[in-house]
Each structure stands twice: as structure tokens, then as C-alpha cells.
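Hi,

Here is the structure I promised to pass on. Have a look, and my notes follow underneath.

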Amino acid sequence: AETTTTHKFILKRGEEISAPFCGSLRLMVSDSGTGMTKEQVEKVFGDGVQFNANDLQKGNGTGLGLHIAKGIMELHNGSLTASSKGLKKGTTFTMTIPLYHLPETENNGIDEETPDPSLSEQ
């Protein structure tokens, strides 16, 4: 039997709605660069983690980006993972986030008074 998972959302106007799970969005980004060891893959999402910072980014990073990104994905019931076949064999990052079917409601919670950012003055 198929199980349907629902999630509660609160719209901008304060209305609470339930929406059934209807699938996932998976985005994979791969490169053929430096790659990582198994130990580095296990640590890459840690707070402040950097590998060879001076060689790879001229020491300008804080090591917070992947840690924060993973946290945001988890807050949205998704995931962010990394994999690598080893040094000099590239790395793949995979983001997965659940999708929900929102029921039809009047303007789906969009605040019509919020200006469109593409129309703002420069």
C-alpha cells in the first residue's frame, strides 16, 4: 500500500494548509577537479572545515558555506551530500528536496503588495 506523507505550511497571510508529498527534486553537480579522500568527504560539511585552503582558494574562505547549505536543506526536510572517487578524481554534490502538491487557494499566499524585485529601480 502506498503511504502519502503530508506537510503543514503556513502562508504569508497566516493560513495553515496541508500538502501531500508528491516527489523529490534531485540536483547533482559534479566536477573533475581536486577530489577528496574518504576522510575529507566525511568531514566536508563540518563547521569551519577547509581543505588545502591556501592552495585551493588563496585562504579567502571561512569554511562555513557547505555547513550552512546542509543546514538549510535539512530544515526543509531535504539533504545535501558529497561523494568523490578520490584525489584528482573530482567530486559530486547532491541536493535532494521534497516536493509537495499545494492545494488551490486564493493567490496561494502571495502578498500582492510586495513589489516585484525585477521592477525595482536601480
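**Strand β3 and its surroundings**

In strand β3 (residues 79–83) the side chains alternate: L80 and A82 face one way and are buried, while S79, T81 and S83 point to the other face and are not. Buried here is under 20% relative accessible area (1.4 Å probe, protein chains only), and strands are DSSP runs of E, at least two residues, numbered from the N terminus.

Before you go further: this is a predicted model, with local features needing pLDDT of at least 70 and side-chain atom pairs pLDDT 80 or more, while totals for chains, interfaces and linings use all residues. Numbering runs from 1 along each chain as its sequence is written, and side-chain values use heavy atoms, with hydrogens and water left out.

β3 pairs with β4 in the antiparallel sense over 5 bridges (pairing takes at least two DSSP bridges), and S83 sits opposite T92 in β4.

L80 and A82 also belong to the largest nonpolar core, 7 residues that include F45 as well. Such a core is a set of buried Ala, Val, Leu, Ile, Met, Phe, Trp, Tyr and Cys residues joined through side-chain atoms within 4.5 Å. Leaving out residues up to four places away in sequence, F45 touches L80, T81 and A82, among others including F93; contact means heavy atoms within 4.5 Å.

β4 turns up again in the second largest pocket, giving 3 residues, the largest share of its lining. A pocket is an open set of points on a 1 Å grid over the protein atoms alone where a 1.4 Å probe fits, with protein on both sides within 12 Å along at least five of seven lines; lining residues have an atom within 4 Å of a point.

Cheers

Methods. Helix = DSSP H or I, 4+ residues; strand = E, 2+ residues; numbered from the N terminus. Buried < 20%, exposed > 50% of the residue type's maximum accessible area, 1.4 Å probe, protein only.
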